[in-house]
Amino acid sequence: MANGRSPRLAVLIDADNTSAKVAEGLFLEIAKLGEASVRRIYGDFADPRMRGWSEAMPRHAIVPHQNFAYTQGKNYADIALVIDAMDLLHSGRFDGFCLVSSDSDFTRLAAREREQGLDAYGFGQRKTPDAFRQACKRFFFTENLLPQVAEPAAAAEAPKDNPAEALPIIRSAMTEFEDDDGWIALGQLGNQLQKIAPDFDTRTYGSGKLSSLIEKLGIFELDRAAQPIRLRFKQRRSR
């Protein structure tokens, strides 16, 4: 922020569509984006399946909003979340929102927040529809937020994509900024990737950093001696 403070974020969690296993990683990731000034979670906590969240709420200072499922098939929690989000948006106190859900019903909410000039960050499973993912400034797969040392069942929930699957989007991002010799700054590439693909995350491809992913692909020349670090496609040697 221009005045030096961290962005104030409102974190709104759809408990029906989010596993409590990601709570620790979720708030660590949000801390990189700003201050989680509001932390609310929505669901029917009388349901035994919500026990994980009941245990996580006090650890992370999350305020529960109980929404009883009076009628089967009606998602009262989603409605309550959207109403609260609009109230918070119009308060003018926040710089952005973290919407934690895999539900495409929040697509318009994310778009509305961005129309208002605020940042909208999404957190959901890889099955989250593209519409919601693209409506956010950035979208984080919750599979990437699971604990590093996980139970076998939890580990199975987070398969990693082949690094080669990231190549088309990297090519696309490089096209705009390559200099005459084909070089592009690594940081510039990272910024462009986030702009054209809000859900791009090197952890999805088994790499903690963009530089590690670039090295895994094996088709780029990475110049670490340059300031800033830069890369380009490996040049073919003329015979």
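**Buried side chains, a helix pair and backbone exceptions**

In this predicted model, a polar atom of the Asp-223 side chain sits 3.2 Å from the backbone nitrogen of Ala-225. The same side chain also reaches the backbone nitrogen of Ala-226, here at 3.4 Å. Asp-223 belongs to strand 8, which covers residues 220-223. Its relative accessibility is 18%, so Asp-223 counts as buried, the cut-off being under 20%. Once neighbours within four places in sequence are set aside, the contacts of Asp-223 are Trp-183, Ile-229 and Arg-230.

A little further along the chain comes a feature of the backbone. Gln-227 and Pro-228 are joined by a cis peptide bond, with omega at about 0°. Pro-228 is placed in the loop that runs between strand 8 and strand 9, the latter spanning 230-233. For context, most peptide bonds are trans, and most residues other than glycine have a negative phi.

The phi angle gives two further places to look at. Ala-61 is a residue other than glycine with a positive phi, near 55°. Ala-61 lies in the loop between helix 2 (51-59) and strand 3 (63-66). With a relative accessibility of 53%, Ala-61 counts as exposed, because the limit for that class is over 50%. The other place is Gly-117, which follows helix 4 and has a positive phi near 90°.

Helix 4 itself takes in residues 107-115, and its buried residues are Thr-107, Leu-109, Ala-110 and Glu-113. What lies over these buried residues? The cover includes two helices, helix 3 (76-91) and helix 5 (130-135), together with strand 4 (96-100) and strand 5 (119-124).

It helps to set these details against the whole chain. The protein chain contains 9 helices and 9 strands. Of its 239 residues, 46% are buried. Among contacts between residues at least 6 apart in sequence, 59% join residues at least 24 apart.

Helix 7 and helix 8 offer a helix pair to examine. Helix 7 (residues 167-175) packs against helix 8 (residues 186-196) at an angle of about 110°, and the two axes are 9 Å apart. Angles of 65 to 115 degrees count as roughly perpendicular, so helix 7 is roughly perpendicular to helix 8. The crossing of this pair is right-handed. From helix 7, the residues that take part are Ile-169, Ile-170, Ser-172, Ala-173 and Met-174, and they meet Leu-189, Gln-192, Leu-193 and Ile-196 of helix 8. Sorted by character, the residues of this contact comprise 7 nonpolar and 2 polar, with no charged residue.

Met-174 deserves a second look. This residue of helix 7 is buried, with a relative accessible area of 0%. Which residues does Met-174 touch, leaving aside its neighbours within four places in sequence? Its contacts are Gly-182, Ile-184, Leu-189, Phe-220, Leu-231, Arg-232 and Phe-233. Between Met-174 and Phe-233 the separation is 59 residues in sequence, and their C-alpha atoms are 9.9 Å apart in space.

Two other residues, Arg-138 and Asp-199, can be read in a similar way. Arg-138 is located in strand 6, residues 138-141. Its relative accessible area is 18%, and Arg-138 is therefore buried, since that value falls under 20%. Neighbours within four places aside, Arg-138 is in contact with Ala-120, Tyr-121, Gly-122, Gln-194, Pro-198 and Phe-200. Arg-138 is 40 residues from Cys-98 in sequence, while their C-alpha atoms are 9.8 Å apart.

Asp-199 is found in the loop between helix 8 and helix 9 (210-217). Is Asp-199 buried or exposed? With a relative accessible area of 12%, Asp-199 is buried. Not counting residues up to four places away in sequence, Asp-199 touches Arg-133, Gln-134, Phe-139 and Phe-141. Asp-199 and Arg-133 are 66 residues apart along the chain, yet 6.4 Å separates their C-alpha atoms.

Note on methods: Residues are numbered from 1 along each chain as its sequence is written. This is a predicted model: local features need pLDDT of at least 70, side-chain atom pairs count only at pLDDT 80 or more; totals for chains, interfaces and linings use all residues. Side-chain values use heavy atoms; hydrogens and water are left out. Axes are lines fitted to C-alpha atoms, for helices over the stretch in contact, and angles run from 0 to 180 degrees between N-to-C directions. Helices (H or I, at least four residues) and strands (E, at least two) are DSSP runs, numbered from the N terminus. Angles under 35 degrees count as roughly parallel, over 145 as roughly antiparallel, 65 to 115 as roughly perpendicular and the rest as oblique. A crossing is left-handed if the near helix is turned anticlockwise from the far one by less than a right angle, and right-handed if clockwise. Contact means heavy atoms within 4.5 Å. Ala, Val, Leu, Ile, Met, Phe, Trp, Tyr, Cys and Pro count as nonpolar, Asp, Glu, Lys and Arg as charged, and the others, Gly among them, as polar. Buried means under 20% relative accessible area, exposed over 50%, partly exposed in between (1.4 Å probe, protein chains only). A polar contact is a pair of N or O atoms within 3.5 Å; within protein, one must be able to donate a hydrogen and the other to accept it, and residues adjacent in sequence count only if both atoms are side-chain atoms.
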